[in-house]
Amino acid sequence: MARCCRRLTADIAGEFLASVDTFLFDCDGVLWNHQDATPGAVETLDKLRNLNKKVFFVTNNSTKSRADYVKKCLQLGFHAEEDEIICTAFVAAQYLKSILPANSKVYVMGMPGMLQELDKAGIRHIGSGPDVIHGTITEWVQTELDPEVNCVLLGFDENISYLKVMKAASYARRKGAFFVATNEDNELPMDGPIVIPGTGVVVAAVKTAAARDPIVVGKPHHPMFDMIAKSFNVEPDRTVMVGDRLNTDIMWANNCGLHSIMVLTGIATLEEAQHLMTSNSIEHQKQIPEFYLDKIGDLEEFLN
Ligand SMILES: [Mg+2]
């Protein structure tokens with residue numbers, strides 16, 4: 001797709017919107033910020049549905065299940081079916097189901113939403129909840145590992161601890177072990193001076209100790225879109241991704257051959273996107289959106 005970061009205006013919007021039939025929306029910073037839908041977002045999605053466009057909610061957040069997201073959408077005024085929720089907890093569970101031998105056991109760093117998706121997929125798992133180290137290094141090396149574990153799955157885990165990183169890395173080092181992560185976002189989208197570390201911090205800790213890289217299923221990597229394409233018969237060149245982060249949402253769109261719209265209600269600024277256009281780095285080029293809008297609600301007037 002052309003990466004030119006131009007404003008989506010009325011004169012080009014009609015032809016562009018007619019050329020796509022699937023809309024993938026990032027959630028935080030696009031459809032809502034915290035507990036408030038962004039202006040016009042609900043109406044825009046309703047209008048897209050009335051025009052028979054497919055709509056999906058696509059998020060790297062691994063703490064919630066699809067059922068949790070349906071509830072959240074309804075609370076904020078969005079209509080949503082479970083099938084339309086593409087969250088990394090669900091994608092990771094389905095991905096593991098597709099690659100793991102029967103009777104596998106997964107060591108998980110994750111929150112209850114991810115455990116629910118693993119349970120639904122029928123995957124055995126251990127590791128959730130707090131787990132804190134005691135004693136000296138001589139005692140640490142006597143930590144018992146579960147002989148059945150053949151896979152490590154990393155997601156956001158507020159109970160991250162030295163012992164959990166130690167166990168996850170030890171399992172990931174096992175010969176033939178599968179090693180998967182939901183995403184590598186560096187921080188959670190919050191206002192103010194406090195940085196809330198994202199899943200990328202969990203992943204960085206474990207992969208450093210394990211000395212190997214996991215397969216990452218979330219944006220900007222392919223597995224999440226592969227699943228959407230396969231399950232819903234979606235064609236990349238008739239699909240548009242709407243996002244607020246350049247190094248996840250927009251890079252994902254460019255990696256997977258989708259159209260992209262950046263909105264300015266979340267993390268990235270227009271200046272950041274325009275600055276990337278001055279760079280020759282391929283990594284930077286992949287983060288340039290095709291179009292931008294101030295907010296997703298601005299799309300509504302183009303849909304009449
Ligand atoms: Mg976002």
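**Reading a predicted model, residue by residue**

Tutor: Ala211 is exposed, with a relative accessible area of 61%. Please keep in mind that this is a predicted model.

Student: Why is Ala211 called exposed?

Tutor: Exposed means over 50% relative accessible area. Ala211 has 61%, so the term applies. Ala211 is placed in the loop between α8 (199–210) and β11. Although Ala211 is not a glycine, its phi is positive, at about 60 degrees.

Student: What is the phi of Asn52, and where is its place?

Tutor: Asn52 has a positive phi of about 65 degrees, and it is not a glycine either. Its place is in the loop between α2 and β5. At 69% relative accessibility, Asn52 lies over the 50% cut-off and therefore counts as exposed.

Student: In which loop does Lys53 lie, and what makes its burial notable with respect to charge?

Tutor: Lys53 lies in the loop between α2 (41–50) and β5 (54–59). Lys53 is buried yet has no salt bridge. The nearest side chain of opposite charge, that of Asp21, is 6.8 Å away. A salt bridge requires a side-chain nitrogen of Lys or Arg within 4 Å of a carboxyl oxygen of Asp or Glu, so this pair does not qualify.

Student: What does the side chain of Lys53 reach, and which residues does Lys53 touch?

Tutor: The side chain of Lys53 reaches the backbone oxygen of Leu17 at 2.9 Å. Not counting residues up to four places away in sequence, Lys53 touches Leu17, Ala18, Val20, Asp21, Phe23 and Leu48.

Student: How do you know which residues are the protein donors of the magnesium ion?

Tutor: A donor here must be an N, O or S atom within 2.8 Å of the metal. Asp26 (OD), Asp28 (O) and Asp244 (OD) lie 2.0 to 2.2 Å from the magnesium ion, so they count as its protein donors. Along the chain, the donors follow the spacing D-x1-D-x215-D. Asp28 and Asp244 link distant parts of the chain, being 216 residues apart. Asp28 is in the loop between β2 (22–25) and β3 (32–33), while Asp244 is in the loop between β12 (239–243) and α10 (246–256).

Student: Are Asp28 and Asp244 buried, partly exposed or exposed?

Tutor: Asp244 has 3% relative accessibility, under the 20% cut-off, and therefore counts as buried. Asp28 has a relative accessible area of 25%, which falls between 20% and 50%, so it is partly exposed.

Student: Why are β8 and β11 called edge strands?

Tutor: Each of them pairs on one side only. They belong to an open sheet of five strands in the order β8-β7-β9-β10-β11, with parallel pairing.

Student: How do you know that β7 and β9 pair?

Tutor: Two strands pair if there are at least two bridges between them. Five bridges join β7 (residues 105–109) to β9 (residues 149–154), so these strands pair, and they run parallel. Val108 stands opposite Leu153 in β9.

Student: What is the order of the open sheet of seven strands, and which are its edge strands?

Tutor: The order is β1-β14-β13-β12-β2-β5-β6, with parallel pairing. The edge strands are β1 (6–7) and β6 (85–87). Within this sheet, β2 and β5 pair over four bridges, and Thr22 stands opposite Lys54 in β5.

Student: What makes the peptide bond from Lys219 to Pro220 noteworthy?

Tutor: That peptide bond is cis, with omega near 10 degrees. Pro220 lies in the loop between β11 (215–216) and α9 (222–232).

How values were computed: Residues numbered from 1 in each chain as written. Predicted model: local features only at pLDDT ≥ 70, side-chain atom pairs only at ≥ 80, totals over all residues. Heavy atoms only, no water. Donors = N, O, S within 2.8 Å, 3.2 Å for Na, K, Ca; no water. Helix = DSSP H or I, 4+ residues; strand = E, 2+ residues; numbered from the N terminus. Buried < 20%, exposed > 50% of the residue type's maximum accessible area, 1.4 Å probe, protein only. Lys, Arg positive; Asp, Glu negative; His and termini not counted. Polar contact = N/O pair within 3.5 Å; in protein donor to acceptor, adjacent residues only side chain to side chain. Contact = heavy atoms within 4.5 Å.
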